[in-house]
Amino acid sequence: MKIVVCIKQVPDTTEIKIDPKTGTLIRDGVPSIMNPDDKSGLEMALQLKDEKGAHVTVITMGPPQADLILREAYAMGVDRAIHLTDRKFAGADTLATSHALAGALRKIDFDLLITGRQAIDGDTAQVGPQIAEHLDLPQVSYLEDLKFDGEKTFTMKRHIEEGYQMLEVEAPCVVTVLSSANNPRYMNVGGIVDAYQKEVEVWGFNEIEVDEKNLGLKGSPTSVHKAFARGLKPAGELYEVETDEAVGIIIKKLKEKFILN
Amino acid sequence: MDFSLTKEQVLFQQMIKDFAEREVKPLAAEVDEQERFPIETVEKMAKIGIMGIPIPKQYGGAGGNNVMYSMAVEELSAVCATTGVIVSAHTSLCAAPIMENGTEAQKQKYLPKLASGEWIGAFGLTEPNAGTDAAGQQTTAVEEGDNYIINGSKIFITNAEYAHVYVIFAMTDKSKGTRGITAFIIEKGTPGFSIGKKEKKMGIRGSATCELIFENVVLPKENMLGKLNKGFGIAMKTLDGGRIGIAAQALGIAQGAINETVRYVKERKQFGRPISGFQNTQFQLADMNTKTEASRMLVRKAANKKDQKVPYSVDAAMCKLYAAETAMEVTNKAVQLHGGYGYTREYPVERMMRDAKITEIYEGTSEVQRMVISANMLK
């Protein structure tokens, strides 16, 4: 089986602070990491490799420094790494990004394409499903678990609001994975030692199959109207009362807010 | 001259910090309190190659270098000094002498199991009457046909209770003093070989420090490590390497204490403001950090020299001396800056202060390091 995993380098948002004057993110000195949902997607692929044998390719689109997460993926055990980077890709929103990735994926043979559900810097959850649309492949989002029968059918457990949905899907297909699906493995020390001996294939516009007008700023219909820091929530009200009285107060408050009728 | 880490070392540091924070730190207080060997952590470390960092790939190791190994001991010790010394003794004191002095058959037999962490390693030199004066060995190895018969005991042996393979030293010719000591490899379960009393220690309380007892142990000659009567040189060279590990441990303890203290002084308020606002706190922190960074430079320099295969004994002695004394000083200040809370077991700095003390004692006391350094100056 051939698996491709899309991964993205993101700022570690747990380390990000907001400039109180401008309301913008302070990115200086913030470490860059592999997006957590993507890392779980990669772990899912590596588990399939461990259990059934698979060839795992990772692909990322990003500036030259995104090379680091591809080396990390090598140290975790992937077989091939592709870095999509070109000035023509710069300024892309989710749609232009998914066009570029789909353009590269047309050049790669795979049975399963895995992406993370969403990236912690944008939280859009759009790129995976958009890729599936561009490639005209079936897609299953919000995956918690995936099993392979060894031939061509995947059994998938998908998270939905009320519980789980179980699905059977045939290869080739696209899935998006939640970070709660697994605990990604650590990089292996021997893998780290070899990570920079391996080749990362660098692909630009000329290596992929895509219409140029769908790329970069030109291919991006999204425009950011305004960015602002969310205001602090006001302090809550504290009542120290017996349970019965507390229930009454809560119901009254919920009615005031029209949450209960 | 370049002080920066290589790309591989940057990637390694990212991994080992993450591992230490998520897998090792949560157990540190419990391991200390219960004097428990963290075997589950060893299994996790084994799985990702931490038990075989500088062992070549051909023997199942990670094929890394001594700088990476020292970084591992540093980062593990920053959250749990017990875990740091387990890796240090295993790697520097058992795998390294086999790697450097073993026959090809011995390397094939022991290194893959040590590198994978399936087996844990230990080292037995110290005896009740042979500490710094290692030449006073009373354990004997008497030749008998194709075997040696070992009798005697060793004390203060790190990893003893959990190890599977031990590099030990015994007198093969009492009349020759240091020139009559030979190194041997002995496996757990060898008839006549048993583990004795477990020490109740001040610090590094999870590291399973015990006595080794040899009662008419029959060891085949192929278990001799290096040549007959060349054991003292092997022991001294092994300890040179070990000192880099212990210096890295001391460095980690100091850095761990700084990390805890920086967090605490920003939160703790007295006289209406965080104590980080007082100049005394700021000056103490500056001194703690400067000395710790100096330790780091000495450790990395010694490890790098070992990697370059140039003489590093004096560098190892200097980094061990300085890092150990810095760890003691920094943890002492860390407790002081924590005040009464720092003296309780609610905060990790009291453990770090207890853990730091041993780094001035084992694998050559600070006095021995001063002897090594000055002897080289005056020769």
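**C-terminal span of chain B**

I looked first at residues 229-378 of chain B, whose end C-alpha atoms lie 28 Å apart and which are 77% helix and 3% strand, where helices (H or I, at least four residues) and strands (E, at least two) are DSSP runs numbered from the N terminus. The model is a predicted one, in which local features need pLDDT of at least 70 and side-chain atom pairs count only at pLDDT 80 or more, while totals for chains, interfaces and linings use all residues. Residues are numbered from 1 along each chain as its sequence is written, and chains are lettered from A and ligands numbered from 1 in the order in which they are written.

In UniProt I found this span under the annotation "domain: Acyl-CoA dehydrogenase/oxidase C-terminal", from an unreviewed entry; positions are given in the numbering used here, feature names are shortened, and annotations may be inferred rather than shown by experiment.

**Middle span and strand E1 of chain B**

I then turned to residues 122-217 of chain B, where UniProt places "domain: Acyl-CoA oxidase/dehydrogenase middle", again from an unreviewed entry. This span is 0% helix and 49% strand, with its end C-alpha atoms 18 Å apart.

Strand E1 of chain B (residues 121-124) is covered on both faces, with B:Gly121 and B:Phe123 buried on one side and B:Ala122 and B:Gly124 buried on the other; buried here means that 20 or more other C-beta atoms, placed from the backbone, lie within 10 Å of the residue's own. I noted that E1(B) runs parallel to strand E4 (residues 165-171) of chain B, joined to E4 by four bridges, and that B:Gly124 stands opposite B:Ile168 in E4(B).

**Chain B as a whole**

I counted ten helices and ten strands in chain B, and 54% of its 379 residues are buried. The C-alpha trace spans about 80 × 45 × 45 Å along its principal axes. The radius of gyration of chain B, taken over C-alpha atoms, is 21 Å, which agrees with the value near 21 Å for a compact globule of 379 residues, the rule being 2.2 Å times the number of residues to the power 0.38.

**The sheet of chain A**

In chain A I traced an open sheet of nine strands with mixed pairing, in the order E11-E10-E9-E12-E8-E1-E6-E7-E13, where two strands pair if DSSP finds at least two bridges between them. E11 (163-170) and E13 (200-203) of chain A stand at the edges with a single partner strand each, so one side of each has no neighbour in the sheet.

Within this chain, E1 (residues 2-6) and E6 (residues 55-61) pair in the parallel sense over five bridges, and A:Val5 has A:Val58 as its bridge partner in E6(A).

**Helix H4 of chain A**

I checked H4 (residues 127-135) of chain A and found A:Val127, A:Gly128, A:Gln130, A:Ile131 and A:Ala132 buried. Their cover includes helix H3 (94-105) and strands E8 (112-116), E9 (139-148) and E12 (173-177) of chain A. Just after H4(A), A:Asp136 takes a positive phi of about 55°.

**Where the chains meet**

Lastly I looked at the contact between the chains, which takes twelve residues from chain A and 14 residues from chain B, two residues being in contact if their C-beta atoms, placed from the backbone, lie within 7 Å. On the side of chain A, H2 (67-76) and H5 (189-195) each supply at least two residues, and the largest share, five residues, comes from H5(A).

Technical notes. A residue is buried if 20 or more other C-beta atoms lie within 10 Å of its own, exposed if 12 or fewer, and partly exposed in between; C-beta atoms are placed from the backbone.
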